[in-house]
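Thank you for making time for this one. I would like to walk through a single chain, from its pocket to its backbone, and I will give the cut-offs as we go.

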Amino acid sequence: GRHLNGTAFGVLVLALLYFELAAAGAYTDISPADPTRGFQQQAIVEFLRNDPTLFRIDTRTDIDELWQPDTAALAGLQDVGGVANPLLLRSFHHYWEATGGRASRAYDLLNVKYVLVREGTELPGDKFARVFGPVDGLEVYENRAFVPRAWVAPAGADLAALAPPAAPGDATVTTYSSGAMSVQAVAPEGGYLILSELWYPGWRATVNGAAAAIEQANGALRAVALPPGTSTVELRFWPASFTWGLIAAAAGLVLAAFAAFGPRRELF
């Protein structure tokens, strides 16, 4: 076949670079205007940060022009809607759509303690109380019925249709990060540790040092069976792909070292 000459090849490379840069920068704002203007809700952020408990906020309340969707991630908070991303886990979407609204106990299981709404928006008064604002068009309501991030359900609980009791069993999150967490749980007669964390393949658990299965609660949350007494539960995200990736990387390093420093033959 015919080969490209130098000029044609150069034109193709420049065209490829142009399309790549255009695609990557299509939504980049290069104007002199401050892109964060109108989203600087520092007073609300500080109010939320001053709560030392582990909780989520709910900003899925049509406030996009007042609250930048990724504010929680930037401020070290946790939003029940995550970050602005078109990809959404099917299990969470189904759970959210089936909650029946913010007045339901299924909603409370999501560990949402604070809801941000437009000034003047009313929420059910028997459950939500305004605790901050209005500030720059926003108000913060506290969900007085929110369920802790970790709690204990009794043995024999129906994990497919789980509802929190009036007084959830004792469980304390002792360490927490995006890829690992530790919980101290008390279940005098055994039961389940219920976590307001999405079930996802790759999470592994141990109970008092022994490997344990992570089950699904209500089709979306995590549950770990507990023996009678006090238990230490450790969870860590380590999918099999991590292990295979490390093996492949190690093999690649060995081959690269052998190619660089191994014996060489003289070619005639």
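Let me begin with how elements are named here: helices (H or I, at least four residues) and strands (E, at least two) are DSSP runs, numbered from the N terminus. The other term needed at the outset is the pocket: on a 1 Å grid over the protein atoms alone, a pocket is an open set of points where a 1.4 Å probe fits, with protein on both sides within 12 Å along at least five of seven lines, and lining residues have an atom within 4 Å of a point.

What you are looking at is a predicted model, in which local features need pLDDT of at least 70 and side-chain atom pairs count only at pLDDT 80 or more, whereas totals for chains, interfaces and linings use all residues. Residues are numbered from 1 along each chain as its sequence is written, and side-chain values use heavy atoms, with hydrogens and water left out.

The chain has 6 helices and 13 strands. Of its 268 residues, 32% count as buried, where buried means under 20% relative accessible area, exposed over 50%, and partly exposed in between, with a 1.4 Å probe and protein chains only.

Now the pocket. The largest one holds about 1300 Å³ of space, the volume being the space filled by probe spheres set on grid points that are joined across faces, edges and corners. It is lined by 45 residues, and those closest to its centre are Asp79, Val80, Gly81, Gly82 and Val83. Which elements give two or more residues to that lining? They are helices H2 (42–49) and H3 (71–75), together with strands S6 (171–177), S7 (180–187), S8 and S12. The largest share, 3 residues, comes from S8.

Two of these strands, S8 (191–198) and S12 (221–226), also appear among the elements that give two or more residues to the largest nonpolar core, alongside helix H4 (90–98) and strands S2 (112–118) and S5 (150–154). A nonpolar core is a set of buried Ala, Val, Leu, Ile, Met, Phe, Trp, Tyr and Cys residues joined through side-chain atoms within 4.5 Å. This core has 24 residues, of which Leu110, Val115, Trp151 and Ile194 touch the most other members. Apart from it lies another core of 17 residues, including Val152, Met181, Leu193 and Leu195.

If we take contact to be heavy atoms within 4.5 Å and leave aside neighbours within four places in sequence, Val115 is in contact with residues that include Asp58, Arg102, Phe128 and Tyr141. Under that same exclusion, Ala75 is in contact with Val45 and Arg49. Ala75 lies in helix H3 and is buried, with a relative accessible area of 11%; its C-alpha is 7.1 Å from that of Val45, although the two are 30 residues apart in sequence.

I will finish with the backbone. Most residues other than glycine have a negative phi, and most peptide bonds are trans. Against that background, Asp62 has a positive phi of about 60°; Asp62 sits in the loop between strand S1 (56–58) and H3 and is exposed, at 56% relative accessible area. Asn208, with a positive phi of about 55°, lies in the loop between strands S9 (203–207) and S10 (210–212) and counts as partly exposed at 47%. Lastly, the peptide bond from Gly133 to Pro134 is cis, with omega near 10°, and Pro134 is placed in strand S3 (residues 128–135).
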